[in-house]
Amino acid sequence: MKKNWPLWEIFVRSKNGLEHRHFGSLHAADAEMAMENARDVYTRRNEGVSIWVVESKNITASNPADNGEMFEPAQDKVYRHPTFYDLPDEVKHM
Amino acid sequence: MSEKEVKNLEEIFEARIARDEKIEPKDWMPEKYRKTHIRQISQHAHSEIVGMLPEGNWITRAPSLRRKAALLAKVQDEAGHGLYLYSACETLGISRDELYEQLHSGKAKYSSIFNYPTITWADMGAIGWLVDGAAIINQVPLCNTSFGPYARAMVRVCKEESFHQRQGFEIMLTLCRGSEEQKAMAQDALNRWWWPSLMMLGPTDAESIHTEQSMKWKLKRKSNDELRQQFIDQTVPQADLLGLTIPDPDLKFNEETGSYDFGEIDWDEFWQVVKGHGPCNKERMDARVNAWNNGEWVRDAAMAHAEKNEKRKVAKAS
């Protein structure tokens, strides 16, 4: 009976006002140990004020093979950008 | 997939790298790219982990609390660097256990330099100054390598590494400004670590089998010989500053090239160490394997505890 420690993804907020960002991953037996290890592995030099740990298997990721249908449709929707609209130079503050 | 389709994908892949795009773990990649990266990243991770051993030897005997705290922090960083790199490697579809197994069975290599003994305190200075100095030269270009997880790990590693070299140089400087005996100790450490540090940057370009492909994939930005020359050119003036003599009678500044010419490296010694016959190969591997085997019951107990807790939580909720 050999069971390996599962993999966890570590997210760190580097300071208040900023979002948590993915920092890396590590192995731990449970969430508590993942938190303790994340502190030692990823915040030895004041890199963070808050940590999230998420077991990797709970993350659903998009597949790069589907990137065409996922992301390309946005490319031809230029009207979603302010520069699409022609305005006379006299119009200020817009 | 037909051969033609694979070839097409490979062309698209190489073009992406040529455009400086990063490759992420779930992207399609040629099998050779995956294998080469597993080999290099794991070798790098193993070097960090085995690299803790020669320095761990001196933690309890550091000459002051200041030195001890710094050395502990450095060794802890090396554990961290190993962990960043193992994680990056695992994104390529190999498990941590397989990686350890490759290290412990001798299938995977680690840096030859860690097979030399650390017999005096000055060795802590020489390792930080020379070994970490050579490592930085090797690692900085990797911050831009094509495989995203490796590049990100290297950015973190490089940020932390510069303290390692500075603390080593400070140890050397203190010894060199001390008594005659202390300065002699520093010179002795330089004598023993100089050549292995040059070897650590890898075989000469003519002998290096992986260079061309690795250049294309940005796993390597400069050849071993270029890196070695860079290391020598930046280190010789530092040795002068310490008042130490580099143990190479052929070392001489070349006005024409603006670089130092240096003597013949004993490559037989290098290959002996790589093949497992260095002074400490066996000791290092024994220490690693024992740590892994003796820790097995702890890892199993932690897992059993986590599972029990989880079951209890589920039972409570239902």
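Two residues are said to be in contact here when heavy atoms of theirs lie within 4.5 Å. With that in mind, the tour can begin; the structure on screen is a predicted model, and every stop below concerns what that model shows.

**First stop: Glu55 of chain A**

Select Glu55(A), which you will find in strand β3 of chain A. Leaving aside its neighbours within four places in sequence, Glu55(A) is in contact with Pro6(A), Leu7(A) and Trp8(A), so it helps to show those residues as well, by the cut-off of 4.5 Å between heavy atoms. Is Glu55(A) buried or exposed? Its relative accessible area is 16%, and Glu55(A) is therefore buried, since the term applies under 20%.

**Second stop: the sheet of chain A**

Now widen the selection to the strands of chain A, where an open sheet of 3 strands is arranged in the order β2-β1-β3, with antiparallel pairing. At the edges are β2, covering 20-27, and β3, covering 50-55, each of which pairs on one side only. As you turn the view, you can follow the twist, which averages 25° from one strand to the next. Strands of a sheet pair through backbone hydrogen bonds, either parallel or antiparallel.

Keep β1 (residues 7-13) and β3 of chain A in view, for these two strands run antiparallel and are joined by 6 bridges. To see one pairing in detail, select Ile10(A), whose bridge partner in β3(A) is Val53(A).

Next, add helix α1 of chain A, residues 31-42, which lies across β1, β2 and β3 of chain A and runs at about 110° to β2(A).

**Third stop: Val12 of chain A**

Return to strand β1 of chain A and select Val12(A), which lies in it. Val12(A) has a relative accessible area of 1% and so counts as buried. Beyond its neighbours within four places in sequence, Val12(A) is in contact with several residues, among them Phe23(A), Thr43(A), Gly48(A) and Ile51(A). For a distance to check in the viewer, pick the C-alpha atoms of Val12(A) and Ala61(A), which are 49 residues apart along the chain and separated by 19 Å.

**Fourth stop: where chain A meets chain B**

Show both chains and select the residues at their contact, which takes 21 residues from chain A and 22 residues from chain B. The area buried between chain A and chain B is about 1,800 Å², and carbon and sulfur atoms give 49% of it. Within chain A, colour Trp5(A), Arg44(A) and Arg45(A), because these lose the most area to chain B, together 27% of what that side buries.

Which residues of chain B meet Arg44(A) in salt bridges? One of them is Glu160(B), whose side chain meets that of Arg44(A) at 2.8 Å, N to O, and another is Asp77(B), where the separation from N to O is also given as 2.8 Å. Asp77(B) lies in helix α4 (residues 65-90) of chain B and Arg44(A) in the loop between α1 and β3 of chain A, so this pair joins two chains. Asp77(B) itself is buried, at 1% relative accessibility. Between chain A and chain B the count is 5 salt bridges, while the structure holds 27 over all chains.

**Fifth stop: salt bridges within chain B**

Move to chain B alone and select Lys218(B) with Asp20(B), which form a salt bridge whose closest N and O atoms are 2.8 Å apart. The pair links distant parts of the chain, 198 residues apart, with Lys218(B) in the loop between α9 (211-216) and α10 (224-242) and Asp20(B) in the loop between α1 (3-18) and α2 (31-50). Lys218(B) counts as buried, at 12% relative accessibility.

Then select Arg152(B) and Glu24(B), a salt bridge with its closest N and O atoms 3.0 Å apart. Here Arg152(B) sits in helix α7 (residues 148-176) of chain B and Glu24(B) in the loop between α1 and α2, 128 residues apart. Both residues are partly exposed, Arg152(B) with a relative accessible area of 47% and Glu24(B) with 27%. Now bring chain A back into view, where salt bridges that share partners join Arg44(A), Arg45(A), Asp77(B) and Glu160(B) into one network.

**Last stop: two cysteines of chain B**

Finish with Cys176(B), buried at 12% relative accessibility, and Cys280(B), buried with a relative accessible area of 5%. A search of the whole structure finds 0 disulfides over all chains.

Technical notes: Residues numbered from 1 in each chain as written. Chains lettered and ligands numbered in written order. Predicted model: local features only at pLDDT ≥ 70, side-chain atom pairs only at ≥ 80, totals over all residues. Heavy atoms only, no water. Pairing = 2+ DSSP bridges. Helix = DSSP H or I, 4+ residues; strand = E, 2+ residues; numbered from the N terminus. Axes fitted to C-alpha atoms, helices over the stretch in contact; angles between N-to-C directions. Disulfide = S-S within 2.5 Å. Buried < 20%, exposed > 50% of the residue type's maximum accessible area, 1.4 Å probe, protein only. Buried area = accessible area lost by both parts, 1.4 Å probe. Salt bridge = Lys/Arg side-chain N within 4 Å of Asp/Glu carboxyl O.
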